[in-house]
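Here are my notes from a pass through this one, in no strict order of priority. Have the viewer open while you read.

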Amino acid sequence: MTIQNKVVVITGASSGIGKETATLLAAKGAKLVLAARRESMLAPLAASLTAKYDTEIIYQKTDVTQLADVKALIDSTITKFGRIDVLFNNAGLMPVSMLRDGKVDEWEAMIDINLKGALYGIKYALPIMEQQKSGHIITTDSVAGHFTGEGSSVYSATKYAMRAVMEGLRVEEVGKGIKSTLISPGHAQTELAAKISDPKLREAVLKSEAETGLSANDVANAVVYAIETPANVGINEVILRSIDQRDY
């Protein structure tokens with residue numbers, strides 16, 4: 001089955017990697033369900049892609065930290081398209097900070113979005129994929145899931161955790177036609193760094209992204225590559241960095 005006519009649900013679709021992935025998939029004829037908290041950005045994206053490409057696209061305001069929102073998203077997908085071929089858990093947050101600063105609200109937000117939000121998506125999409133005897137769950141991770149840098153302790157913890165979840169998913173679904181893929185970019189030019197509250201860390205991350213960061217389109221191409229593989233091939237993890245990135 002090619003990408004054309006595959007039903008793909010994308011969280012965090014309003015900008016960055018999610019938006020670029022949606023654009024690439026729409027060009028290949030995928031049927032898309034775009035989800036994010038910012039409905040004001042989803043609506044024009046869906047309209048522009050529908051006008052440009054011959055495919056069906058719907059969108060739904062979704063907060064992945066809310067179980068009811070994620071259920072409603074999956075229910076809407078089934079109501080409209082009758083199946084889910086790919087769930088791209090892409091919503092994420094990266095307010096890195098030093099542990100000594102004790103920014104509990106930011107820690108909890110990362111755990112809720114990066115970890116629990118992806119688990120909620122798996123909870124509702126996986127049973128449907130098992131019934132179909134096919135499906136693909138993709139999650140945006142990070143090289144921070146392989147290395148813990150200064151200020152990234154809690155962020156890295158959520159990314160290490162998702163590596164465990166996705167490997168568990170792979171093992172549990174062997175023989176059921178379900179693929180699992182973890183996309184782990186290095187420095188990437190997205191909106192995440194702009195929300196870092198520590199001025200020093202924010203400046204450092206933004207500088208690294210500007211100098212050695214991948215574009216959101218670079219990462220989106222890796223997602224599309226994983227989706228395009230034959231049915232018997234599972235790309236379990238993709239780690240990608242700019243060739244100019246020196247550190248982790």
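**Notes on a predicted model**

1. Let's start with Lys 133, which is exposed, with a relative accessible area of 64%. Keep in mind throughout that this is a predicted model. Lys 133 sits in the loop between helix 4 and strand 5 (135-140). Its backbone is worth a click too: phi is positive, at about 65 degrees, although Lys 133 is not a glycine.

2. There is another positive phi to look at, back towards the start of the chain. Asn 5, also a residue other than glycine, has phi near 75 degrees. You'll find Asn 5 in the segment before strand 1 (7-11). With 43% relative accessibility, Asn 5 falls in the partly exposed class, since that class runs between the 20% and 50% cut-offs.

3. On to helix 2, which covers residues 39-52. Its 14 residues reach 20 Å from the first C-alpha to the last, close to the 20 Å expected at 1.5 Å a residue. Which residues of helix 2 are buried? They are Leu 42, Leu 45, Ala 46 and Leu 49. These four cover an arc of only 100 degrees around the axis, so they lie on the same side of helix 2.

4. What do those buried residues of helix 2 pack against? Their partners are helix 1 (16-27), strand 2 (31-36) and strand 3 (57-61). The face turned away from the buried side carries Ser 40 and Ala 51, both exposed. Ser 48 belongs to helix 2 as well, and at a relative accessible area of 39% it is partly exposed. If you want a long-range distance to check in your viewer, take Ser 48 and Gly 135: they are 87 residues apart along the chain, and their C-alpha atoms are separated by 27 Å.

5. Next, the pairing of helix 3 (residues 67-81) with helix 4 (residues 104-132). Their axes are 8 Å apart and the packing angle is about 30 degrees. That makes helix 3 roughly parallel to helix 4, because angles under 35 degrees count as roughly parallel. The crossing of the two is right-handed.

6. Here is who meets whom in that pair. Helix 3 brings Leu 67, Val 70, Lys 71, Ile 74 and Ile 78. Helix 4 answers with Tyr 120, Gly 121, Lys 123, Tyr 124, Ala 125 and Ile 128. Ala 68 is in helix 3 too, and its relative accessibility of 58% makes it exposed. From Ala 68 to Tyr 120 the C-alpha distance is 9.3 Å, with their positions 52 residues apart in sequence.

7. Helix 4 has another partner in helix 5 (residues 153-172). How do their axes run relative to each other? They come within 8 Å and cross at roughly 15 degrees, and helix 4 and helix 5 are therefore roughly parallel to each other. This crossing is right-handed. On the helix 4 side the contact includes Trp 107, Met 110, Ile 111, Asn 114 and Leu 115. Among the helix 5 residues taking part are Val 154, Tyr 155, Thr 158, Met 162 and Leu 169.

8. Trp 107 deserves its own stop. This helix 4 residue has 22% relative accessibility, which means it counts as partly exposed. Leaving aside neighbours within four places in sequence, Trp 107 is in contact with Ser 97, Leu 99, Gly 102 and Val 154. Trp 107 and Tyr 155 are 48 residues apart in sequence, and their C-alpha atoms are 7.7 Å apart in space.

9. Finally, Ser 180. Is it buried or exposed? Ser 180 has a relative accessibility of 5%, so it counts as buried. Its place is in strand 6 (residues 178-185). Beyond its neighbours within four places in sequence, Ser 180 is in contact with His 136, Ile 137, Met 166, Leu 169, Arg 170, Ile 235 and Asn 236. Met 166 and Leu 169 also appear among the helix 5 residues that make the contact with helix 4, so check both views when you look at them.

Methods:
Residues numbered from 1 in each chain as written. Predicted model: local features only at pLDDT ≥ 70, side-chain atom pairs only at ≥ 80, totals over all residues. Heavy atoms only, no water. Expected span 1.5 Å × (residues − 1). Buried < 20%, exposed > 50% of the residue type's maximum accessible area, 1.4 Å probe, protein only. Arc of directions from axis to C-beta. Contact = heavy atoms within 4.5 Å. Axes fitted to C-alpha atoms, helices over the stretch in contact; angles between N-to-C directions. Parallel < 35°, antiparallel > 145°, perpendicular 65-115°, else oblique. Left-handed = near helix turned anticlockwise from the far one by under 90°.
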